Amino acid sequence: MAWDEWEQLKASAAGNEPTHMQLNGIPEDDRPNAGNPTGDLDADLKVRQDDLAAIGDEAFKLYNRLWEEARVTSTDTAGSDLKGQGFALGGALSHVSLRWDRQLGSLMDACALISNHMDFTKKAHEGDEIFIERHVSSISTLDAGFDESWAPTGEKNPVYGEDKKDKKD
């Protein structure tokens, strides 16, 4: 009897829609870094020099604003005066002031690092472009020198310029 019941369950399952296995996960469209849905792979990788300059400029402006507006020098003297008069608030104020100066210094260092790195990156990429341009142009000149179609047989290839011995003044 159990065997008949098993065969009946198999037949009813075969008649229904096929089951699909689904693993836990996020659908492709909902994945944040699964690629560019437009198919333009270069769009995510391009950085222009003006983008780098703008980031560096904003970091430099923030650094200057922090230096001018976020430093609090009056709390140092107030804290030491209060501490000298025996107030517990003086020590606490000095502690907060010291902690503020350290945190502000860290933030300003980070801004300076970003600004300097953007300047360095801009100059490095410009240098790379010049280097690549020189090498590519010299390769094409070299290739032209080996191409026999540049000059008829027995004549000099004009890529190499005129021979000074052949010039007559």
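A residue is called buried when its relative accessible area is under 20%, and exposed when that value is over 50%. Keep those two cut-offs in mind as we walk through this predicted model.

**The whole chain**

Of the 169 residues in the chain, 12% are buried. The chain exposes about 15000 Å², and 57% of that area comes from carbon and sulfur atoms. What elements will you find as you follow the chain? There are four helices and zero strands, so the pattern along the sequence, by the run definition used here, reads α-α-α-α. Contacts also link distant parts of the sequence: among those with a separation of 6 or more, 48% join residues 24 or more positions apart.

**Two residues to look up**

Is W3 buried or exposed, and what about S115? The table sets them side by side.

| Residue | Helix | Relative accessibility | Class |
|---|---|---|---|
| W3 | helix 1 (residues 2–15) | 60% | exposed |
| S115 | helix 4 (residues 88–146) | 7% | buried |

W3 counts as exposed because its 60% is over the 50% cut-off. S115 counts as buried because its 7% is under the 20% cut-off.

**Their surroundings**

On the surface, W3 joins W6 and L9 in a nonpolar patch. Together these three residues have about 400 Å² of accessible area.

Which residues does S115 touch, leaving aside its neighbours within four places in sequence? S115 is in contact with G56, A59 and F60. Try finding S115 in helix 4, and then look for these three partners around it.

Methods. Residues are numbered from 1 along each chain as its sequence is written. This is a predicted model: local features need pLDDT of at least 70, side-chain atom pairs count only at pLDDT 80 or more; totals for chains, interfaces and linings use all residues. Side-chain values use heavy atoms; hydrogens and water are left out. Patches are made of residues with over 30% relative accessible area and no salt bridge: like charges are joined within 9 Å, nonpolar side chains (Val, Leu, Ile, Met, Phe, Trp, Tyr) within 5 Å. Accessible areas come from the Shrake-Rupley method with a 1.4 Å probe; for residues, only the protein chains shown count as cover. A salt bridge is a side-chain nitrogen of Lys or Arg within 4 Å of a carboxyl oxygen of Asp or Glu. Helices (H or I, at least four residues) and strands (E, at least two) are DSSP runs, numbered from the N terminus. Buried means under 20% relative accessible area, exposed over 50%, partly exposed in between (1.4 Å probe, protein chains only). Contact means heavy atoms within 4.5 Å.
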